[in-house]
Amino acid sequence: MLYRKIERSIREYLTERNDRILGVSGARQIGKSYIIRHIGQQLFKNYVELNLIENRDMREAF
């Protein structure tokens with residue numbers, strides 16, 4: 001895995017907060033989905049990923 005500078009901040013946020021909701025936005029193709037999946041699989045038995053780009057029908061729910 002490539003080291004991502006943001007990994008430490010995301011990991012700290014998800015382990016120190018009780019609400020554990022995190023929204024991520026940014027430029028295309030920089031590894032946002034990858035780093036969230038990677039950290040989510042390491043920290044939690046279950047997690048939910050809502051990708052509003054890949055699943056356009058989900059946009060209407062929000």
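Accessible area here is the Shrake-Rupley area found with a 1.4 Å probe. With that in hand, let's walk through this predicted model.

**The whole chain**

The protein chain exposes about 5,600 Å², and carbon and sulfur atoms supply 49% of that area. Its secondary structure is quick to list: two helices and zero strands. If you follow the C-alpha trace along its principal axes, it spans about 30 × 25 × 20 Å. Of the 62 residues in the chain, 15% are buried.

How do the parts of the chain meet? Take the contacts with a separation of 6 or more: 47% of them are between residues 24 or more positions apart. As for charge, the chain has 12 positive and 8 negative charges, and the mean positions of these two groups are 5 Å apart.

**Helix 1 and its salt bridge**

How many salt bridges does a search of the whole structure find? The search turns up one. The partners are E7 and R11, whose closest N and O atoms are 2.8 Å apart. Side chains of opposite charge can pair when their charged atoms come close.

The spacing of the two residues is worth a look too. Helix 1 covers residues 7–16, and because E7 and R11 sit four residues apart in it, about one helical turn separates them.

Is E7 buried or exposed? E7 counts as buried because its relative accessibility is 12%, which is under the 20% cut-off. R11, its partner, has a relative accessible area of 24%, so R11 is partly exposed.

E7 also has a distant residue in sequence to compare with. I39 is 32 residues away along the chain, yet the C-alpha atoms of E7 and I39 are separated by 7.6 Å.

**The loop between the helices**

Now move on to the loop between helix 1 and helix 2, where you'll find V24. V24 is partly exposed, because its relative accessibility comes to 41%. Leaving aside residues up to four places away in sequence, V24 touches K32 and I36. From V24 to H38 is 14 residues along the chain, and their C-alpha atoms are separated by 14 Å.

Q29 lies in this loop between helix 1 and helix 2 as well. What is the phi of Q29? Q29 has a positive phi of about 65°, although it is not a glycine. With a relative accessible area of 74%, Q29 is exposed, since the cut-off for that label is over 50%.

**After helix 2**

Helix 2 takes in residues 32–43, and V48 lies in the segment after it. Which residues make the nonpolar surface patch? V48, L50, L52 and F62 do, and the patch comes to about 440 Å². V48 counts as exposed because its relative accessibility is 70%.

**Residues side by side**

Here are the residues from this tour with their relative accessibility.

| Residue | Relative accessibility | Label |
|---|---|---|
| E7 | 12% | buried |
| R11 | 24% | partly exposed |
| V24 | 41% | partly exposed |
| V48 | 70% | exposed |
| Q29 | 74% | exposed |

To recap, E7 in helix 1 pairs with R11 in a salt bridge, V24 and Q29 belong to the loop between the two helices, and V48 helps make the nonpolar patch with L50, L52 and F62.

Notes:
Residues numbered from 1 in each chain as written. Predicted model: local features only at pLDDT ≥ 70, side-chain atom pairs only at ≥ 80, totals over all residues. Heavy atoms only, no water. Buried < 20%, exposed > 50% of the residue type's maximum accessible area, 1.4 Å probe, protein only. Contact = heavy atoms within 4.5 Å. Lys, Arg positive; Asp, Glu negative; His and termini not counted. Charge placed at Lys NZ, Arg CZ, Asp CG, Glu CD. Patch = residues over 30% accessible without salt bridge, like charges linked within 9 Å, V, L, I, M, F, W, Y side chains within 5 Å. Salt bridge = Lys/Arg side-chain N within 4 Å of Asp/Glu carboxyl O.
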